[in-house]
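Hi,

Here is the structure I promised to send over. Have a look at it first, and then read on for what turned up.

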Amino acid sequence: MMMAYDSGQPPASRLDDELLSALRLAMRGYLEDAEDPSALQESLVLVASNARARAILPEQLLVALKEAWNSLPEVRAIHDSSQQVRLLQRVVTMCIKEYYSV
């Protein structure tokens with residue numbers, strides 16, 4: 001069943017560019033040391049709260065998160081695709097937990 005477009009709903013805003021830059025930096029740190037996700041966690045708290053404040057849907061947030069992840073040269077340098085997937089799954093899980101932590 002198709003859903004009708006709701007013209008009364010404002011379009012979702014993008015995440016703040018500075019926040020996305022900080023997220024990329026935190027992801028790079030996570031890629032260097034996946035055993036210590038604390039910096040990434042802090043960044044995801046800010047990203048998730050910003051997304052909620054801007055009424056960005058969780059699926060839109062995850063698209064932005066994956067775009068930021070895939071833009072990193074360090075990710076593209078990982079030749080083991082299963083390792084790439086495992087790391088990304090952990091990041092996505094952390095992001096979802098932070099989005100719904102309110």
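The residue I'd start with is Glu-98, which is buried but has no salt bridge. The nearest side chain of opposite charge belongs to Arg-52, and that one is 6.5 Å away. A salt bridge would need a side-chain nitrogen of Lys or Arg within 4 Å of a carboxyl oxygen. Please keep in mind that this is a predicted model.

To find Glu-98 on your screen, go to helix H5, which covers residues 81-99. Leaving aside residues up to four places away in sequence, Glu-98 touches Gln-41, Leu-44, Val-45, Ala-48 and Arg-52. So Arg-52 turns up twice for this residue: as one of its contacts, and as the nearest side chain of opposite charge.

Now the overall picture. The protein chain has five helices and zero strands, so from the N terminus on you'll read α-α-α-α-α. Of its 102 residues, 34% are buried. If you take the contacts with a separation of 6 or more, 74% of them are between residues 24 or more positions apart. The accessible surface of the chain comes to about 6900 Å², and carbon and sulfur atoms hold 55% of that.

Next, the charges on the outside. Glu-32, Asp-33, Glu-35 and Asp-36 form a negative surface patch. One of them, Asp-36, lies in the loop between helix H1 (17-32) and helix H2 (38-53). Why does Asp-36 count as partly exposed? Because its relative accessible area is 44%, and partly exposed covers values between the 20% limit for buried and the 50% limit for exposed.

Another loop has an odd backbone angle. Ala-55 has a positive phi of about 60°, although it is not a glycine. Most residues other than glycine have a negative phi. You'll find Ala-55 in the loop between H2 and helix H3 (58-70). Ala-55 counts as exposed because its relative accessibility is 56%.

Last one: Val-102, in the segment after H5. Is Val-102 buried or exposed? Val-102 is exposed, with a relative accessible area of 80%. Its C-alpha atom is separated by 8.8 Å from that of Ser-49, although the two residues are 53 apart along the chain.

If you only have a minute, look at Glu-98 with its neighbour list, then at the positive phi of Ala-55.

Cheers

How values were computed: Residues numbered from 1 in each chain as written. Predicted model: local features only at pLDDT ≥ 70, side-chain atom pairs only at ≥ 80, totals over all residues. Heavy atoms only, no water. Patch = residues over 30% accessible without salt bridge, like charges linked within 9 Å, V, L, I, M, F, W, Y side chains within 5 Å. Areas by Shrake-Rupley, 256 points an atom, 1.4 Å probe, with all protein chains shown as cover. Charge placed at Lys NZ, Arg CZ, Asp CG, Glu CD. Helix = DSSP H or I, 4+ residues; strand = E, 2+ residues; numbered from the N terminus. Buried < 20%, exposed > 50% of the residue type's maximum accessible area, 1.4 Å probe, protein only. Contact = heavy atoms within 4.5 Å.
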